[in-house]
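Biologist: I have a structure open and would like to talk it through with you before I go back to the bench. Could you take my questions as they come?

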Amino acid sequence: MNTKKVIGILLIIGGLALGYLGLNKIENSGASVKVLNIELDVSDKGSKQQGYIYLGLGILLVAGGVYTVNKK
């Protein structure tokens, strides 16, 4: 197996892991509480922003990995 293909596969796996981590951070950045028929929504903007950064980096890593694997 070629070294470039191994690096490409590792980039794809790392990108998928970062994407998954980013999606979890975005999903878990907010919460809602219902008190006396009033629903309060609380969100952590810093965590949500960090999740979007992880998601973007994951997409870049997957794209780089696919490019590296397909390059001849």
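Modeller: What follows is a conversation about the overall build and a few chosen residues, and please keep in mind that this is a predicted model.

Biologist: Fine. What helices and strands does the protein have, and in which pattern along the sequence?

Modeller: The protein has two helices and two strands, and reading along the sequence you meet them in the pattern α-β-β-α.

Biologist: And what is its radius of gyration, set against a compact globule of 72 residues?

Modeller: The radius of gyration is 18 Å, whereas a compact globule of 72 residues would come out near 11 Å. The C-alpha trace fits with that picture, spanning about 65 × 15 × 15 Å along the principal axes of the protein.

Biologist: How much of it is buried, then?

Modeller: Buried residues account for 14% of the 72 residues. The accessible surface of the protein is about 5600 Å², and carbon and sulfur atoms contribute 64% of that surface.

Biologist: Which residues make the nonpolar surface patch?

Modeller: That patch is formed by Met1, Val6, Ile9, Leu10 and Ile13, and it covers about 530 Å². Of these, Met1 sits in the segment before helix 1, which runs over 3–27.

Biologist: Why does Met1 count as exposed?

Modeller: Met1 counts as exposed because its relative accessible area is 82%, and the cut-off for that label is over 50%.

Biologist: Changing topic, where is Gly19, and is it buried or exposed?

Modeller: Gly19 is located in helix 1, and it is buried because its relative accessible area is 11%, where the label requires a value under 20%.

Biologist: What is Gly19 in contact with, apart from its neighbours within four places in sequence?

Modeller: With those neighbours left aside, Gly19 is in contact with Tyr54, Leu55 and Gly58. For Gly58 there is also a C-alpha separation to quote, which is 4.7 Å from Gly19, although the two residues are 39 apart along the chain.

Biologist: How many of the contacts in the protein join residues at least 24 apart?

Modeller: If you take contacts between residues at least 6 apart in sequence, 69% of them join residues at least 24 apart.

Biologist: One more, Ser47: which helix is it in, and what does it contact?

Modeller: Ser47 belongs to helix 2, residues 45–70, and, leaving aside neighbours within four places in sequence, Ser47 is in contact with Lys25 and Ser29. Ser47 counts as buried because its relative accessibility is 15%.

Notes:
Residues numbered from 1 in each chain as written. Predicted model: local features only at pLDDT ≥ 70, side-chain atom pairs only at ≥ 80, totals over all residues. Heavy atoms only, no water. Patch = residues over 30% accessible without salt bridge, like charges linked within 9 Å, V, L, I, M, F, W, Y side chains within 5 Å. Areas by Shrake-Rupley, 256 points an atom, 1.4 Å probe, with all protein chains shown as cover. Salt bridge = Lys/Arg side-chain N within 4 Å of Asp/Glu carboxyl O. Helix = DSSP H or I, 4+ residues; strand = E, 2+ residues; numbered from the N terminus. Buried < 20%, exposed > 50% of the residue type's maximum accessible area, 1.4 Å probe, protein only. Contact = heavy atoms within 4.5 Å. Rg over C-alpha atoms; globule rule 2.2 N^0.38 Å.
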